[in-house]
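Here is a short report on a model of protein and DNA. Look at the structure first, then read on.

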2 protein chains.
Amino acid sequence: MAKGKERAAPLRDFEHSLPMELLKARESAMARFRPMLRDHGLTEQQWRVIRALAALESVDAGELARRSFLLAPSLTRILQHLESEKLVTRSADANDQRRAVFKLTSSGKQLFSKVAPDSEALYADIECEFGVHKLESLYALLAEFYQTLAPAAAAPEDRSATA
Amino acid sequence: MAKGKERAAPLRDFEHSLPMELLKARESAMARFRPMLRDHGLTEQQWRVIRALAALESVDAGELARRSFLLAPSLTRILQHLESEKLVTRSADANDQRRAVFKLTSSGKQLFSKVAPDSEALYADIECEFGVHKLESLYALLAEFYQTLAPAAAAPEDRSATA
DNA sequence: GAAGTATACTTAACATGTTAACTGAATTCA
DNA sequence: TGAATTCAGTTAACATGTTAAGTATACTTC
């Protein structure tokens, strides 16, 4: 709008890469969630873990990593932190001593139920400002995008139809 | 497609937040670029800086931060690293001693011209697999999204019409 | 049933993200 | 002009991202 003259199909003028556009979009959303989470003493990633735990009542680390989309080393550190805060408990899987099983403590559940409504409110704002319809289109395109790119170079997990 | 039964408008079942969907999309793309960049001895962020420098021939840190979408502390560290690798030179702005001005060295330019084609090739793959049309839709939606959300809680820079 | 392999994390090391405090140079204004 | 303020970058401290190596348990196979 400012410059008027945009090339017909720039798609990428070597400084607006797709990863960076995705990052900008993500950042514009996170700029709203971060202060709220910070008020609750949480980082974005810690909240992702708590949210996953709240939905499952007992999960091993691998499942947690998948659901919260965190790499194992990050998850290890985050769980250590959440344990030290008494928000999460760790126990060993009876059938497989390699697996660690995690649960939300009552403080953890309490924290979740305090943060969740704030999170919902911010989502509602976004839906309202951007429009539910466009938001759905965006969700759909994003899912299609990463499902398209996944087969060629995906995460080593969740590929079961490869053998 | 796999499960068949998807709710009509989930939009977010409390474990598929928009930031995470954006992250997944971004990650699916970066999973392709990262190995290539790694082969050239670069991280994604270092490449963003070099790309911005290659387009401008002489930039101060603030402009670099905006163009590469990096926070100042990250940029500081990255520039220190690139200087130590002799890929970038630093000099002081004559008119404003606060500003640092950066340029690509000849090695830096050389590296850029080696990486750029590899980057282009991967983009071409993505365009081909996902489809140019969908990719354009995605770009457009993303831009619309972050432009919509920006006014309410934007970066303190590049807002000039606020006064 | 012991060696070999795979699995589920954990550690380590380095790079970046995020926020806050800090330094020095320009600007404003009384 | 000199104190107060703003601005550009840097430093600091802690959390996470990324890759590689390590550890212990489970599984496989001969």
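Start where the two protein chains meet. In this predicted model, the rule finds two salt bridges across the interface of chain A and chain B. One of the salt bridges there joins A:Glu144 to B:Lys134, with 2.3 Å between the closest N and O atoms. Side chains of opposite charge can pair when their charged atoms come close.

Polar contacts add to the picture. Between chain A and chain B, 12 residue pairs are in polar contact, both residues being at pLDDT 80 or more. Which elements of chain A give two or more residues to the side that touches chain B? They are α1 (18-39), α2 (44-54), α3 (61-68), α5 (106-130) and α6 (132-149). α1(A) gives the most, with 16 residues. By class, this side of chain A has 33 nonpolar, six polar and 17 charged residues.

The interface can also be described by contacts and area. Here 56 residues of chain A are in contact with 56 residues of chain B. The area buried between the two chains is about 6,000 Å². Carbon and sulfur atoms give 71% of that area.

**The DNA side**

Now turn to DNA strand C. There are 26 residues around this strand. A:Arg34, A:Arg90, A:Arg99, B:Ser74 and B:Gln97 come nearest. Which parts of the strand come within 4 Å of the protein? Sugar and phosphate account for 72% of the atoms of DNA strand C that do so.

The table gives distances from an N or O atom of a residue to a phosphate oxygen of DNA strand C.

| Residue | Part of the residue | Distance to phosphate oxygen |
|---|---|---|
| A:Arg99 | side chain | 2.7 Å |
| A:Ala100 | backbone | 3.0 Å |
| B:Gln46 | side chain | 3.3 Å |

Both chains supply elements to the surface near DNA strand C. From chain A, α1, α3 and α4 (72-84) each give two or more residues. From chain B, α2 (44-56) and α4 (72-84) do so. α4(A) gives the most, with five residues. By class, this surface has eight nonpolar, eight polar and 10 charged residues.

**Salt bridges within the chains**

Over all chains, the count comes to 26 salt bridges. One of them pairs A:Arg26 with A:Glu44, the closest N and O atoms being 2.9 Å apart. A:Arg26 lies in helix α1 of chain A and A:Glu44 in helix α2 of chain A, so this pair ties together parts that are 18 residues apart in sequence. Are these two residues buried or exposed? A:Arg26 is buried, and A:Glu44 is buried too.

A:Arg99 appears again here. Its side chain meets that of A:Asp60 in a salt bridge, at 3.9 Å from N to O. A:Arg99 sits in the loop between β2 (88-92) and β3 (100-104) of chain A, and A:Asp60 sits in strand β1 (residues 59-60) of chain A, so the pair ties together parts that are 39 residues apart in sequence. A:Arg99 has 40% relative accessibility, so it counts as partly exposed. A:Asp60 has a relative accessible area of 21% and is partly exposed. A network of salt bridges links A:Asp60, A:Asp96, A:Arg98 and A:Arg99.

Chain B has a salt bridge between B:Glu83 and B:Arg90. Their closest N and O atoms are 2.8 Å apart. B:Glu83 is partly exposed, at 26% relative accessibility. B:Arg90 is partly exposed, with a relative accessible area of 42%.

Definitions and conventions
Residues numbered from 1 in each chain as written. Chains lettered and ligands numbered in written order. Predicted model: local features only at pLDDT ≥ 70, side-chain atom pairs only at ≥ 80, totals over all residues. Heavy atoms only, no water. Contact = heavy atoms within 4.5 Å. Buried area = accessible area lost by both parts, 1.4 Å probe. Salt bridge = Lys/Arg side-chain N within 4 Å of Asp/Glu carboxyl O. Polar contact = N/O pair within 3.5 Å; in protein donor to acceptor, adjacent residues only side chain to side chain. Helix = DSSP H or I, 4+ residues; strand = E, 2+ residues; numbered from the N terminus. Nonpolar A, V, L, I, M, F, W, Y, C, P; charged D, E, K, R; others polar. Near = heavy atom within 4 Å. Buried < 20%, exposed > 50% of the residue type's maximum accessible area, 1.4 Å probe, protein only.
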